Amino acid sequence: MNARAPLPPDLPTPAFSVRQAERAGVPAHRLRAADLNTEVAGVRSLQHDLSLAQRCALFQLRLTTSSFFSHSTAALLHAIPVPYRVAHSPLVHISVPAPHRAPHAAGLAGHALQVQPHELMTLPDGLRVTTPLRTWFDLAHSLGLLDLVAAGDALIHWRQPMVSALDLAEALGQPFNRRIRRRLRHAGELLNDRSESPPESILRALLILAGIPVSAANHVVTDQFGEFVARTDLIIDRYRIILEYQGDYHRTTPGQWRADMSRRSKLEAQGWRVMELNADDLKDPAELVSRIHRLAQLPSLERPLPGLGLGAES
């Protein structure tokens, strides 16, 4: 069998373990050939440029049946948002039930967790993961408060909740270590099922922590006749201020920039002051809060904001 000889037809596709290949008579030099993906030790794949789910499938081939994906890896598989730096980490988080020893291998971060059977599930593609709620609890060990709120908002979003707000509230009564219990309960108090994006969640939580009274998230504004004017991100009704988070698509999507200008003009005609914000504004939370205070003609913040754990990449 030369370096590119066809693989035995009875090998699983698109991925198989080295042990399976050896049992099928594939020599070692064939398993080192460039047409096979070798990024996960002990596993080979016919696919390259793998998605996270595909990488996880390779790892699962070599893991024990009791292992499962957890932490930020489980979050990404559930489509729970995590900060950029976490989402783009090359590490795959894999756990086993304690007291089993955490797995160790190149490319993975191993954990041994106290976990209950109801906190584990199997996704349609066969990957074993922690449930969305347990995943959120585990994220509390590594995420700052604002990023934890953004993840929690996605968990209970009203259109397609992964967890009901009631179930989440009840689960917060579970025993945790003191630091994690305090962080989870603090985040739980700040959750809102109407947030449409992580930056909106972060902005809303930041304002609440700063004592600025956010009236509503993603609320419809009407005129004096009850006619629709616009749907807004965040309203500070007491001071007639609307805060709008503008992602990059607002300037790159054809027609969106013009629509945003018209929308802002209509809101200002109704007596609202509109502040448009972007990702750069969230890099310095203290400065942003001070700017909003000045717009609302409020006194400067007398006490510093609590440690939020929000980096520039979040």
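Contact means heavy atoms within 4.5 Å. This is a predicted model, in which local features need pLDDT of at least 70, side-chain atom pairs count only at pLDDT 80 or more, and totals for chains, interfaces and linings use all residues. Residues are numbered from 1 along each chain as its sequence is written, and side-chain values use heavy atoms, with hydrogens and water left out.

**Exercise 1. Place valine 274 and list what it touches.**

Solution.
- Step 1: Find the element. Valine 274 belongs to strand E11 (residues 273–277). Strands (E, at least two residues) and helices (H or I, at least four) are DSSP runs, numbered from the N terminus.
- Step 2: Check the accessibility. Valine 274 has 8% relative accessibility and counts as buried. Buried means under 20% relative accessible area, exposed over 50%, and partly exposed in between (1.4 Å probe, protein chains only).
- Step 3: List the contacts. With residues up to four places away in sequence not counted, valine 274 touches Ile242, Glu244, Arg264, Leu267 and Glu268.
- Step 4: Add a C-alpha distance. Isoleucine 235 is 39 residues from valine 274 along the chain, and their C-alpha atoms are 9.4 Å apart.

**Exercise 2. Work through the salt bridges of arginine 263 and arginine 264.**

Solution.
- Step 1: Set the rule. A salt bridge is a side-chain nitrogen of Lys or Arg within 4 Å of a carboxyl oxygen of Asp or Glu. Side chains of opposite charge can pair when their charged atoms come close. The whole structure has 14 salt bridges.
- Step 2: Take arginine 263. Its partner is glutamate 244, with the closest N and O atoms 2.1 Å apart. This pair links distant parts of the chain: arginine 263 is in helix H12 (residues 256–269), glutamate 244 in strand E10 (residues 241–245), 19 residues apart.
- Step 3: Compare the two ends. Arginine 263 is partly exposed at 23% relative accessibility, whereas glutamate 244 is buried at 3%.
- Step 4: Take arginine 264. Its side chain meets that of glutamate 268 in a salt bridge, 2.9 Å from N to O. Both residues lie in helix H12, four residues apart, about one turn of the helix.
- Step 5: Check this pair's accessibility. Arginine 264 is partly exposed at 29%, and glutamate 268 is partly exposed at 38%.

**Exercise 3. Why are arginine 291 and glutamate 287 separated by about one helical turn?**

Solution.
- Step 1: Confirm the pair. Arginine 291 and glutamate 287 form a salt bridge, with their closest N and O atoms 2.7 Å apart.
- Step 2: Read the spacing. The two are about one helical turn apart because they are four residues apart in helix H13 (residues 285–296).
- Step 3: Check exposure. Arginine 291 is partly exposed at 23%, and glutamate 287 is partly exposed at 30%.
- Step 4: Turn to a network. Glu119, Arg134 and Asp138 are joined into one network by salt bridges that share partners.

**Exercise 4. Is helix H6 enclosed or open, and how is its aromatic pair arranged?**

Solution.
- Step 1: Count the buried residues. Eight of the eight residues of H6 (residues 132–139) are buried, so the helix is largely enclosed by the rest of the structure. Among them are Arg134, Trp136, Phe137 and Asp138.
- Step 2: Apply the ring rule. Rings of Phe, Tyr and Trp (its six-membered ring) pair if their centres lie within 6.5 Å; planes under 30 degrees apart count as stacked, over 60 as edge-to-face and the rest as tilted. The count is one aromatic pair.
- Step 3: Classify it. Tryptophan 136 and phenylalanine 137 have ring centres 6.1 Å apart and planes at 45°, so the pair is tilted.
- Step 4: Add the accessibilities. Tryptophan 136 is buried at 1%, and phenylalanine 137 is buried at 4%.

**Exercise 5. Where is histidine 78, and what lies around it?**

Solution.
- Step 1: Locate the residue. Histidine 78 is in the loop between helix H4 (71–77) and helix H5 (84–87).
- Step 2: Check burial. Histidine 78 is buried, at 11% relative accessible area.
- Step 3: Find a polar atom. A polar atom of the histidine 78 side chain lies 2.7 Å from the backbone oxygen of threonine 130.
- Step 4: List contacts. Leaving aside neighbours within four places in sequence, histidine 78 is in contact with residues including Met121, Thr130, Pro132, Thr135 and Met162.

How values were computed:
Polar contact = N/O pair within 3.5 Å; in protein donor to acceptor, adjacent residues only side chain to side chain.
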